[in-house]
Amino acid sequence: MSKTIIVSNRLPIRIEREDGKLAYKTSEGGLATGLGSIYKEGDNIWIGWPGISLENEEEDEVEKELMNRNMRPVFLTENEVQEFYLGFSNQTLWPAFHYFIHHMRFKEEEWEAYKKANQKFAEAISKWIEPDDTIWVHDYQLLLVPEMLRKQFPNVTIGFFQHIPFPSYEVFRMIPWRKKLLNGVLGADYIGFHTYDDMRHFLSSCHRLAGYSYNRNQILVKNRLVEVDSLPMGIDYGKYADSASSQLAKAKEISYRDSLGPQDLILSMDRLDYSKGIPGRLLAFERFLKEYPEYQGRVSMFLIVVPSRDQVPSYKALKEKVEFLVGHINGKYGTINYVPIHFFYRSFPLDDLSAFYRMCKIAMITPKRDGMNLVCKEYIASRETQDGVLILSEMAGASKELSDALLVNPNDEAQMVLSIKTALEMPVAEQKRRMNIMQKTVQKYTIFQWVDLFIGNLKNLKERQESMATKKLNDRLKKELITEFKAAKSPLIFLDYDGTLVPFHENPEECAPDAELHEILSKLSKKAEVVIISGRKADTLELWLAEFDIDLIAEHGIKVKRSGKQWDENEDLIGNGWKDDARGIMEFYIQRTPGSFLEEKEHTLVWHYRKVEKGLGDLRSRELSSHLKHFMSNKGLDVIDGDHVVEVKPSAINKGKASLERIKGINPDFIMAFGDDRTDEDTFEALADKAHTIKVGSGFSFAKFAVENHEEVRSLLKEMIDAK
């Protein structure tokens, strides 16, 4: 029976030594909550590090105990924790992914430790994996694991989700091992990020650093379709709402309020990390008290900092800075009856957190950079009376969903100061209006829906991969097709031109039909309706093929010519106003790329680089494609990476739509379609349940069958002609 294997750096349980014995403590994190519904069921398991280095005899004891809890441990030595986790993961990847470039360090020995630790995780997974299992790998500590598993288990289903931001190409390229990290993640089938921006940055890096072309959010990796998506993570809304409305939380709120006095409270709760922007928040609060002295004695900040990695020098320095600022502000503005900042350097249980969420009129969550940030969602879920104000950094992933918060730039101190004043003075009716909208959003997209959506999308992608696994057209299948063609009374055949009927040439104008193709088209057009469907210009197709009794579809469907008639233009065409901008970009790359040239069709532009030096051509094509996709977005255009071409064309036009239009109103009893590149996939997909589709070349495809090259296409067509 198939199972799901969840893999993360840490297990949803941590082991600590207490009085000489090992104590097992359950994690309260959002991921542990959401995935609890998976790993606790049936044979499903969770694999990860238990958070402690153990002696050999202790490892056996722990493994037995964890197996009873549907978990499997990966044991790491103290040195591995130092170099893999505290080293490469948190002093190379973490600062890079959060744009703290000055904290980045590149140590070869830490990279080697990272590789070895990832291999250790992969080996632990391989002990339990079975053919139909689903593996879900989590986060930046395990970027290499998907590819390691893929090499050993080529057909296994692998998902990957990154819980922190993914940086722009310009930052990610600074990492010496960038391509290996990308290839590691691309071992997964389905890759998730919290936001569209993170997804876009990842796709850009894959394209520009690892050489993979992508179409929308899909990448073809070694003939395997990989999909990248944005899926914002939620919380267990009911858990926080119920806890906040409990009698225990209400009693604690009253008790804490009696101790604190009548001040309005601003909640600031973060893990100790430079990405959270804690010093900047404190400085903004200090400036607020200075600029609005009437609020001194009336407003306090409730500052909770959860310990994290404080043995790392940069984190230790951060803790000291926070403590200094708290002391400075309290010393400057505090009185016998007033403490400006109540500072706690520890974590709290849920009952206490619920009381804090209830009693704080404002939650100020202003990280410099954050993948999602669930604290703000917990605050929203806990506001039983629907009042309260959320001040939220626009650099947090959650800001994409929570636009009714007071969104601020955490680097703009003046804006942060003003946001505090605005929050304090916001009418209750306006507070409730905003909070009601945000509660509906957080309640709709919970952690459980996030889990179901990810697993569902992964399974759907796997089904699409299987449907695209094209069969080699062997002799038996070929005979069946020929027999069916022979019996057909009104057969229809769609033929791509370049790469399908003729080989590619360095000069595209040298691809005119040779004598063999002349004969094939002459005879085939007497046995079936033939449609040449190409990206070529209408003039070129007419020059080469008008003598045959066949239909012509030019420029992917922009122009259509029925046999013996004039050309008709597609009615869905947009204007050509975009061409000047696109041409300017393409000509810039022509100047920088000797051997490349621009082919201008009436409604499309094509940049050719078949004559360009291989390495340079691949590099420039990726740069040009990214450039065009950026500037041509939202203009109704597609940028297509073809065989040594980059093409810009109207989105409303493709071969699939053209082929469906061609068969409208007729009833052929046999349809066959041939094609070799991505533009032909539109035809294969459109005719999936209507035609025998054949891809020329290797790779995943919507086509049902595959042949090696144009020579096999010609051979098959000749056999079909001879049989009928």
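1. Which residues does Leu35 touch, not counting residues up to four places away in sequence? The list is Ile6, Trp46, Trp136, His138 and Val451. Bear in mind as you read on that this is a predicted model. Leu35 itself sits in helix α1, which covers residues 30-39. With a relative accessible area of 0%, Leu35 counts as buried, because the cut-off for that label is under 20%. There is also a long jump along the chain to note here: Phe448 is 413 residues away from Leu35 in sequence, yet the two C-alpha atoms are 7.9 Å apart in space.

2. Next, the nonpolar cores. The largest one has 101 residues, and the members that touch the most others are Phe97, Leu181, Ile191, Phe202 and Leu282. Helix α3 (residues 78-97) supplies the largest share of this core, with nine residues. If you want to look around one of those well-connected members, try Phe202. Setting aside neighbours within four places in sequence, Phe202 is in contact with Phe166, Leu182, Val185, Leu186, Ile191, Phe193 and Val228. Apart from the largest core there is another, made of 64 residues, including Phe161, Leu231, Met359 and Leu390.

3. Now a helix pair. Two packed helices are described by the angle between their axes and the distance between the axes. For α10 (residues 247-260) and α13 (residues 350-359), the axes come within 8 Å and cross at roughly 60°. The crossing of α10 and α13 is right-handed. On the α10 side the contact is made by Leu248, Ala249, Lys250, Lys252, Glu253, Tyr256, Arg257 and Leu260. On the α13 side the residues are Asp351, Asp352, Ser354, Ala355, Phe356, Arg358 and Met359. Sorted by class, the contact of α10 with α13 has seven nonpolar, seven charged and one polar residue. Met359 turns up twice in this note: in the α10 contact and in the core of 64 residues.

4. Asp641 is one to click on. You'll find Asp641 in strand β26, residues 637-641. Is this aspartate buried or exposed? Asp641 has a relative accessible area of 16%, so it falls under the 20% cut-off and is buried. The side chain of Asp641 has a partner: a polar contact of 3.0 Å with the side chain of Ser625. Ser625 is also among the residues Asp641 touches, along with His207, Ser213, Tyr214, Lys629 and Val646, leaving out residues up to four places away in sequence.

5. Compare that with another aspartate, Asp514. Asp514 lies in the loop between β19 (491-495) and α19 (515-527). Here the relative accessible area is 35%, which makes Asp514 partly exposed. The side chain of Asp514 makes a polar contact with that of Arg714, at 3.0 Å. Val502 is 12 residues from Asp514 in sequence, and their C-alpha atoms are 8.6 Å apart.

6. Last, a loop residue: Ala652. Ala652 is in the loop between β27 (645-650) and α23 (655-663). Its relative accessible area is 27%, so Ala652 is partly exposed. What does Ala652 contact, leaving aside neighbours within four places in sequence? Asp572 and Lys657. For a sense of scale, Ala652 and Tyr85 are 567 residues apart along the chain, and 49 Å separates their C-alpha atoms.

Methods: Residues numbered from 1 in each chain as written. Predicted model: local features only at pLDDT ≥ 70, side-chain atom pairs only at ≥ 80, totals over all residues. Heavy atoms only, no water. Helix = DSSP H or I, 4+ residues; strand = E, 2+ residues; numbered from the N terminus. Buried < 20%, exposed > 50% of the residue type's maximum accessible area, 1.4 Å probe, protein only. Polar contact = N/O pair within 3.5 Å; in protein donor to acceptor, adjacent residues only side chain to side chain. Contact = heavy atoms within 4.5 Å. Axes fitted to C-alpha atoms, helices over the stretch in contact; angles between N-to-C directions. Left-handed = near helix turned anticlockwise from the far one by under 90°. Nonpolar A, V, L, I, M, F, W, Y, C, P; charged D, E, K, R; others polar. Core = buried A, V, L, I, M, F, W, Y, C linked by side-chain atoms within 4.5 Å.
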